[in-house]
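Student: Please take me through this structure and show how each descriptive label follows from its criterion.

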Amino acid sequence: MSALRAPVGASANPPPRPRRFGPRTLFARVFWMMVLGIAIAQALAYVAIRQERSMALRSLMMSGIERDIATGVAVLDRLPPAERAAWLNRLERPNFRFALADEIDAQAGPVDHTEFSGAFVDALTQALRPFRIERVAQVGARRYQLLVRLGDGTAVTVHARRVDMPIPEWVTWVLVAQLVVLTFCTWMAVRLVTRPLNALATAADDLGPDLTPRLIAEDGPAEVAHAARAFNAMQQRIAGYTAERVEILAAISHDLQTPITRMRLRADLMADEALRDKFRQDLDAMHALVREGVTYARTLHGTSEPTARLDTDALLASIVGDYEDAGESVTLDGAAGAPIVAPPQALKRILVNLIDNALAFGGAAEIQVRRDDAQGPAPRLTIAVLDRGPGIPEDQLGEVFKPFHRLETSRNRETGGTGLGLAIAQQLATAMGGHLSLRNRPGGGLEARLSLPASPPTALSTTSVDKSVGSTGRDGASR
């Protein structure tokens with residue numbers, strides 16, 4: 001048996017890709033990584049500003065407030081008792097005030113001797129040393145209360161509090177504006193880096209079965225231009241090597257036809273009929289191999305057949321009818337329901353090859369047609385050919401995609417064909433933008449699946465199928 005569609009050396013059933021979290025594209029990954037780093041840097045800058053304000057406030061409170069409070073208490077001590085109340089508002093500051101009474105709050109507790117509270121209270125106590133301090137209390141984390149006795153015994157309560165130094169609103173907006181600008185610059189930088197990679201990947205995808213080079217622009221930064229030049233040179237080398245290989249294969253296959261024809265004429269002159277028949281069988285096999293070799297060499301560069309709008313259901317019905325007329329067991333299940341755009345003879349050759357394989361190794365063929373329009377802008381048409389033959393060993397599913405490869409253990413030389421039929425089908429399917437694969441069926445047998453791009457559902461026209469395709473039947477494609 002010959003090979004089905006897959007790159008040489010590739011497995012028919014590739015292992016599943018590990019699930020990855022986060023962005024999938026390089027652009028998104030680099031962009032969000034840089035934006036996240038910038039955002040963290042901005043957040044750290046904001047925290048640093050707040051911390052600096054807190055340290056400045058601490059320094060302010062520790063460097064002069066105790067002297068201001070001590071001065072205020074001294075002023076009240078020197079004023080006549082009748083005038084002290086009028087001076088309370090004059091002595092008040094944003095971070096402390098005085099009260100001529102015992103106003104220690106009931107919920108006030110002892111001072112938490114933290115780095116700030118302990119040093120602040122110690123400084124106040126030291127500054128108010130000429131006066132008697134009866135009690136020092138703390139309310140919450142920001143308020144402190146001291147009960148002081150003046151020289152005449154009057155009680156004065158000092159209410160001190162920590163006053164925040166808020167960050168101005170414009171500073172926050174400046175940081176936000178910086179983040180926006182840096183994000184935009186990051187987007188431009190990442191786009192500048194990844195756009196050449198995207199162009200390179202697109203050019204590689206556009207390198208179709210004909211291997212015609214799709215040159216990309218060799219401009220941009222030095223590294224990008226160097227990569228573009230290397231890629232263009234690689235395309236040209238690959239195209240040259242492949243063209244040379246195809247020419248050699250086609251020339252050998254073509255030149256072999258002349259001696260085969262001479263040997264066929266000489267075989268007709270042989271007197272021994274049995275030997276003559278065997279000789280003719282060998283020559284027929286050689287001729288089929290040469291013919292398939294020429295066909296394969298041509299399909300290595302795709303197909304030059306123009307595409308047409310095909311009524312797939314009519315094409316399949318015609319092929320199945322031809323097989324039924326020949327007494328073969330071929331059934332059709334499902335319908336495409338809409339035309340597709342494809343080269344008619346190439347599509348017919350693929351289908352006939354798959355059906356012939358199913359008949360040769362399973363005795364019967366079942367064709368299943370399914371159209372999937374749920375794949376968004378790129379619906380697919382799947383045509384599966386199933387049999388109940390011996391199937392293919394799982395470890396050989398990747399090998400049978402190679403030209404001239406046959407599985408002698410399950411499909412012998414007499415039924416194995418030239419080993420090029422499915423290799424040709426592979427090349428044709430690739431040239432059509434399709435995918436040809438095979439897998440073993442549960443319970444035995446093989447499923448060959450052809451997946452093609454489907455055209456948007458439209459009304460069928462009378463010219464949608466080439467008439468010669470729908471009526472010629474099998475084209476004798478070897479397997």
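Tutor: pLDDT is the predictor's confidence in each residue, on a scale from 0 to 100. This is a predicted model, in which local features need pLDDT of at least 70 and side-chain atom pairs count only at pLDDT 80 or more, while totals for chains, interfaces and linings use all residues. Residues are numbered from 1 along each chain as its sequence is written, and side-chain values use heavy atoms, with hydrogens and water left out.

Student: Which elements have the lowest and the highest mean pLDDT?

Tutor: Helices (H or I, at least four residues) and strands (E, at least two) are DSSP runs, numbered from the N terminus. Helix α11 (residues 467-471) has the lowest mean pLDDT, 41, and strand β6 (residues 330-333) the highest, 92. Over residues 1-15 the pLDDT is below 50. Where pLDDT is low, the predicted coordinates should not be read in detail.

Student: Why is helix α10 described as largely enclosed by the rest of the structure?

Tutor: A residue is buried under 20% relative accessible area, exposed over 50%, and partly exposed in between (1.4 Å probe, protein chains only). Nine of the eleven residues of helix α10 (residues 421-431) are buried, so the description applies. Among them are Leu422, Ile424 and Leu428.

Student: What makes threonine 186 buried?

Tutor: Its relative accessible area is 4%, so threonine 186 falls under the 20% limit. Threonine 186 lies in helix α5 (residues 169-206). With contact meaning heavy atoms within 4.5 Å, and leaving aside neighbours within four places in sequence, threonine 186 is in contact with Phe31, Met34, Val35 and Ile38.

Student: Why is the pair of phenylalanine 184 and tryptophan 187 called stacked?

Tutor: Rings of Phe, Tyr and Trp (its six-membered ring) pair if their centres lie within 6.5 Å; planes under 30 degrees apart count as stacked, over 60 as edge-to-face and the rest as tilted. Here the centres are 6.4 Å apart and the planes are at 25°, so the pair is stacked. Phenylalanine 184 and tryptophan 187 are three residues apart in helix α5, and therefore separated by about one helical turn.

Student: How do you know that phenylalanine 184 is exposed, and what does tryptophan 187 count as?

Tutor: Phenylalanine 184 has a relative accessible area of 52%, so it is exposed. Tryptophan 187, at 33%, counts as partly exposed.

Student: What makes the pair of phenylalanine 96 and phenylalanine 98 edge-to-face?

Tutor: Their ring centres are 5.7 Å apart and their planes are at 70°, so the pair is edge-to-face. Phenylalanine 96 and phenylalanine 98 are both buried.
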